[in-house]
Amino acid sequence: MKTGGLGDVMYALPKELAKQNCDVKVILPRYACIPEKYQNKMVYRGSFDMNLCSDGRSFYVGIMEYVWDGVVYDFIDNQEFFTNGNPYTNLIDDIPKFCYFSKAALAALNYMDWEPDIIHCHDWQAALVPVYLDTMFKDTPIGRAKTVLTIHNLRFQGVYDKKMISYWTGLPDYVFNKDALTVKWLDANMLKGGLTYADAITTVSGTYAWEIQTPEYGEDLDAHLRYHSGKLRGIVNGIDYDIWNPATDPRLANNYDLGNVLTEKRKNKKALQEELGLEVDDGKFVIGLVSRLTNQKGLDLVNEILPQLIDGNTQIVILGTGDAQYEDSFRYYENAYKGQVCSNIMYDETRAHHIYAGADALLVPSRFEPCGLTQLIAMHYGDIPIVRETGGLKDTVEPYNEFTNWGNGFTFDRYESGLLLDAINRAKTLYFTNRWCWDEMVQRNMDKDVSWESSARQYRDLYVDLTR
Ligand code: ADP
């Protein structure tokens, strides 16, 4: 299930952990939108009724299992909660859904008699797991497990009326204090509670781990995170080379590797231009942008300067869906600059692969970016990232230094459109006037290790530390 980077992570990390000799199980909701071909392969592992709410209301928990690539996937089945097409709908429905999910996941582990050493939870949707484990599940077989809670994006926290969360979770009153779940007297914050009770907190880059302890990036939890900073650390994400590999990617017009990127990538550029109705010319500078179109992603900056990028030698390809204001402005630009700007307002995995393979540069000017995967994918596909120096972007893209001819991309620091324009212009200048330096950077980027191997090893080390 993928709505963004978390989907990539939860596909790749367990697989890599299994390779590194961990016994891994992934527990996730059985969302109705999982394609039928997978639903049909799931095997029924059992079911039971579980008490959930404070008035004793109970719910069915089914466990459907699917084993793939060394990883066991257990899907929590409940038609009442997970029938809607999308994983996330609106907060009023999502809150009970994920209260149920967190408790059901733990109950399912006990039911299956599978006692993990570590339970690794991701984002607010699973943040109640450490809270349940330390309270209602403490004296059950899984009670001795340690917990890790990873923040993939601090903006989303699962905050709602305290009474409602108290009702749906059935958790004891004492967890609703100001050091755990309660915020602003009357609300409860599921992520905050998880951060309090987790044995370790991680986030997806070192810089973001530091940034979220400041008021600017802390989304009102900076003080709480500073308090818990002793158990907080950053581990940067990788990308899955089984999916993201230009040498074997079945979606590409022409596969290429480090040895032939300079000749073969051009063919992918032409294929992309043809597919999108842009002027077909491999001499053009093609800038890609693959992103959720939300306020996080720095799109106001792009909107402000886009007309200034149009010079007859530059093409801009956008792929994304999200807020109407950005969808509309990008549609407008496509219309205004036909043949030079192409806005694909859609979610389309294949097209994303085509863009990474065909573009020269990829734009990620985010306001904040916990890790960011698109710049990693871009580098692996031989694109030069143009990024804002924040979060994981800062940790993974070393700014190009023209004096030493070293670096991975072009960067800017403050959130200002003029600085973005400047970074793009520096990229363009290198591309058009000093191509061999550009080409060397392309090859350097493709050679950079952005795989999951070393990140997964860091998680594994953390797990081992916690169980000592
Ligand atoms: P976030 O998790 O904030 O959305 P990331 O950079 O961590 O951002 O991950 C984005 C992932 O989603 C990447 O794999 C990217 O290719 C993919 N993606 C984003 N938008 C689209 C889209 N419109 N179509 C296809 N893939 C997309």
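The following dialogue asks how some terms apply to this predicted model.

Student: What makes the protein as compact as a globular protein of its length?

Tutor: Its radius of gyration is 23 Å, and the globule rule gives 23 Å for 468 residues, so the protein is as compact as a globular protein of that length. The fold has 18 helices and 17 strands. Its C-alpha trace spans about 70 × 45 × 45 Å along the principal axes, and buried residues make up 57% of the 468 residues.

Student: Why is the pair of Lys25 and Asp74 called a salt bridge?

Tutor: The cut-off is 4 Å between a side-chain nitrogen of Lys or Arg and a carboxyl oxygen of Asp or Glu. The closest N and O atoms of Lys25 and Asp74 are 2.9 Å apart, which is within 4 Å, so the pair counts as a salt bridge. Lys25 belongs to strand β1 (residues 25-29) and Asp74 to strand β4 (residues 71-77), so the pair links distant parts of the chain, 49 residues apart. Both Lys25 and Asp74 are buried.

Student: How many salt bridges are there in the whole structure?

Tutor: A search finds 32. Another of these pairs is Glu65 with Arg45, at 3.0 Å from N to O. Glu65 is in strand β3 (residues 58-68) and Arg45 is in strand β2 (residues 43-51), so this salt bridge ties together parts 20 residues apart in sequence.

Student: Why is Glu65 called buried, and what is Arg45 called?

Tutor: Buried means under 20% relative accessible area. Glu65 has 12%, so Glu65 counts as buried. Arg45 has 35%, which lies between 20% and 50%, so Arg45 is partly exposed.

Student: How do you know that Arg457 and Glu453 are separated by about one helical turn?

Tutor: They are 4 residues apart in helix α18 (residues 453-467), so about one helical turn separates them. Their side chains meet in a salt bridge, with 2.9 Å from N to O. Arg457 has a relative accessible area of 39% and Glu453 has 40%. Both values lie between 20% and 50%, so both residues are partly exposed.

Student: Which residues are joined into one network by salt bridges that share partners?

Tutor: They are Lys15, Asp69, Asp240 and Asp242.

Student: Why is α1 called roughly perpendicular to α18?

Tutor: Helix α1 (residues 5-19) packs against α18 at an angle of about 70 degrees, with the axes 9 Å apart. Angles of 65 to 115 degrees count as roughly perpendicular, so α1 and α18 are given that description.

Student: Which residues meet where α1 packs on α18?

Tutor: From α1 come Leu13, Glu16 and Leu17; from α18 come Glu453, Ala456, Tyr459, Arg460 and Tyr463. The residues of this contact divide into 5 nonpolar, no polar and 3 charged.

Student: What is positive in Asp113, and where is Asp113 found?

Tutor: Its phi is near 60 degrees, a positive value in a residue other than glycine. Asp113 is in the loop between α4 (91-112) and β5 (118-122).

Student: Why is Asp113 called exposed, while Glu219 is called partly exposed?

Tutor: Exposed means over 50% relative accessible area. Asp113 has 60%, so Asp113 is exposed. Glu219 has 24%, which lies between 20% and 50%, so Glu219 is partly exposed. Glu219 also has a positive phi, about 50 degrees, although it is not a glycine, and it is found in the loop between α8 (206-211) and α9 (222-227).

Note on methods
Residues are numbered from 1 along each chain as its sequence is written. This is a predicted model: local features need pLDDT of at least 70, side-chain atom pairs count only at pLDDT 80 or more; totals for chains, interfaces and linings use all residues. Side-chain values use heavy atoms; hydrogens and water are left out. Helices (H or I, at least four residues) and strands (E, at least two) are DSSP runs, numbered from the N terminus. Buried means under 20% relative accessible area, exposed over 50%, partly exposed in between (1.4 Å probe, protein chains only). Axes are lines fitted to C-alpha atoms, for helices over the stretch in contact, and angles run from 0 to 180 degrees between N-to-C directions. Angles under 35 degrees count as roughly parallel, over 145 as roughly antiparallel, 65 to 115 as roughly perpendicular and the rest as oblique. Contact means heavy atoms within 4.5 Å. Ala, Val, Leu, Ile, Met, Phe, Trp, Tyr, Cys and Pro count as nonpolar, Asp, Glu, Lys and Arg as charged, and the others, Gly among them, as polar. The radius of gyration is taken over C-alpha atoms; the globule rule is 2.2 Å times the number of residues to the power 0.38.
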